[in-house]
Amino acid sequence: MTLVPLPAFADNYIWMLQDGRHAIVVDPGQAPPVFDALERHGLQLAAILVTHHHADHTGGVAALRDATGAKVFGPASETVPQPCIPLKQGDTAEVLGLRFEVIDIPGHTAGHIAFFLPAGDHGEPIVFCGDTLFSGGCGRLFEGTPAQMLSSLDALARLPGDTRVCCGHEYTLSNLKFAAAVEPGNTELARYRAACEARRARGEPTLPSQLDTETRINPFLRSREASVQQAVLAHARLSAKADEVDVFAALRQWKNDFR
Ligand SMILES: [Zn+2]
């Protein structure tokens with residue numbers, strides 16, 4: 001099983017898992033990059049996984065399903081192209097002998113889900129987390145609350161440390177610029193940022209990232225760390241009585257306003 005990101009639009013990734021004969025794609029916002037990859041490698045599309053309803057993650061679903069007969073799996077509580085097998089927390093999706101575990105991760109959208117594949121013949125664990133966790137950042141709160149997003153990120157952070165994090169966008173460099181403003185003293189963050197800049201300069205994706213790395217460099221997974229808390233309290237002029245959700249909300253707002 002190989003895992004590759006197919007670039008789409010300006011900065012989306014459509015993730016593809018393929019075994020040389022069959023493929024699974026995640027969040028195909030466009031059909032052409034997937035048709036190209038299927039043709040180039042001689043693959044048949046077995047399934048489409050959808051993390052949330054946004055058009056840049058679902059726009060290619062109908063054309064791909066109609067052309068290939070692939071099964072579509074998506075969030076039970078969102079409006080996604082039908083027919084779709086509805087999934088929620090605790091459900092599993094079985095395709096090509098792989099068993100994906102579904103985790104509810106509301107915040108970016110109200111019914112956003114993640115697909116987690118435990119370690120196996122394909123190697124380290126993999127999580128497809130859509131627009132919830134990015135490398136160095138997290139998604140905007142379009143439909144959920146800061147408390148929901150914090151709890152969703154906590155759920156992702158509980159996955160094994162060697163989990164490969166497959167996000168929906170190549171936002172890493174701009175996220176790391178913000179992360180460095182929050183934690184200027186984080187030397188691992190500085191090293192990771194330099195490595196990502198070099199990758200982008202070579203035209204390579206920075207993803208997948210690794211969960212262990214994210215817990216050390218991503219301020220949105222580190223909002224309870226003293227260094228991040230102090231930076232947020234000072235920036236947002238919060239009182240020392242602010243709770244963890246207040247701090248997380250102010251951190252997300254700081255990122256929204258950051259240029
Ligand atoms: Zn989205």
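Here are some notes on this predicted model, arranged as numbered points.

1. A few ground rules before we start. Because the model is predicted, local features are reported at pLDDT of at least 70 and side-chain atom pairs at pLDDT 80 or more, while totals for chains, interfaces and linings use all residues. Residues are numbered from 1 along each chain as its sequence is written, and side-chain values use heavy atoms, with hydrogens and water left out.

2. Let's begin with the sheet that holds strands 1 to 6. This open sheet has 6 strands in the order 1-2-3-4-5-6, with mixed pairing; strands are DSSP runs of E with at least two residues, helices are runs of H or I with at least four, and both are numbered from the N terminus. Two strands pair if DSSP finds at least two bridges between them. Strand 1 (2-8) and strand 6 (85-87) are the edges, each pairing on one side only. From one strand to the next the twist averages 25°, with axes fitted as lines to C-alpha atoms (for helices, over the stretch in contact) and angles running from 0 to 180 degrees between N-to-C directions.

3. Within that sheet, have a look at strands 3 and 4. Strand 3 (residues 22-26) and strand 4 (residues 44-49) run parallel and are joined by 5 bridges. V26 has L49 in strand 4 as its bridge partner. Helix 3 (residues 61-68) packs on the sheet, where it touches strand 4 and strand 5 (71-75), and its direction makes about 145° with that of strand 4. Contact here means heavy atoms within 4.5 Å.

4. Helix 3 also meets helix 1 (residues 32-41): their axes come within 9 Å and cross at roughly 35°. On the helix 1 side the residues are V34, F35 and L38, and on the helix 3 side they are A63, L64, A67 and T68. Sorted by class, this contact has 6 nonpolar, 1 polar and no charged residues. For the classes, Ala, Val, Leu, Ile, Met, Phe, Trp, Tyr, Cys and Pro count as nonpolar, Asp, Glu, Lys and Arg as charged, and the others, Gly among them, as polar.

5. Now for the other sheet described here. It is open too, with 6 strands in the order 7-8-9-10-13-14 and mixed pairing. Its edge strands, each pairing on one side only, are strand 7 (92-95) and strand 14 (209-210). Strand 7 and strand 8 run antiparallel over 4 bridges, and E94 stands opposite R99 in strand 8. Their hairpin has 2 residues between the strands, and L96 there takes a positive phi near 50°.

6. Strand 8 continues the pattern on to strand 9, with 4 bridges joining the two in an antiparallel arrangement; I103 stands opposite A114 in strand 9. There is an aromatic link here as well. The whole structure has 8 aromatic pairs, counted when ring centres of Phe, Tyr or Trp (its six-membered ring) lie within 6.5 Å, with planes under 30 degrees apart called stacked, over 60 edge-to-face and the rest tilted. One of them is the edge-to-face pair of F100 and F115, at 6.5 Å centre to centre and 85° between the planes. F100 lies in strand 8 (residues 98-104) and F115 in strand 9 (residues 113-117), 15 residues apart.

7. Strand 10 (residues 126-130) and strand 13 (residues 164-167) pair in the parallel sense over 4 bridges, with F128 opposite C166 in strand 13. Both F128 and C166 reappear in the lining of the largest cavity, alongside residues including Y13, W15, V26 and D27. Strand 10 gives the largest share of that lining, 3 residues, and the class count is 7 nonpolar, 3 polar and 1 charged. The volume is about 30 Å³.

8. Finally, the largest pocket, at about 360 Å³. On a 1 Å grid over the protein atoms alone, a cavity is a set of points where a 1.4 Å probe fits but cannot get out, and a pocket is an open set with protein on both sides within 12 Å along at least five of seven lines; lining residues have an atom within 4 Å of a point. Grid points are joined across faces, edges and corners, and a volume is the space filled by probe spheres set on the points. The pocket has 19 lining residues, with R140, Y171, S174, N175 and K255 nearest its centre. Helix 5 (172-182) and helix 9 (244-257) each supply at least two, and helix 5 gives the most, with 4. By class, the pocket lining has 6 nonpolar, 6 polar and 7 charged residues.
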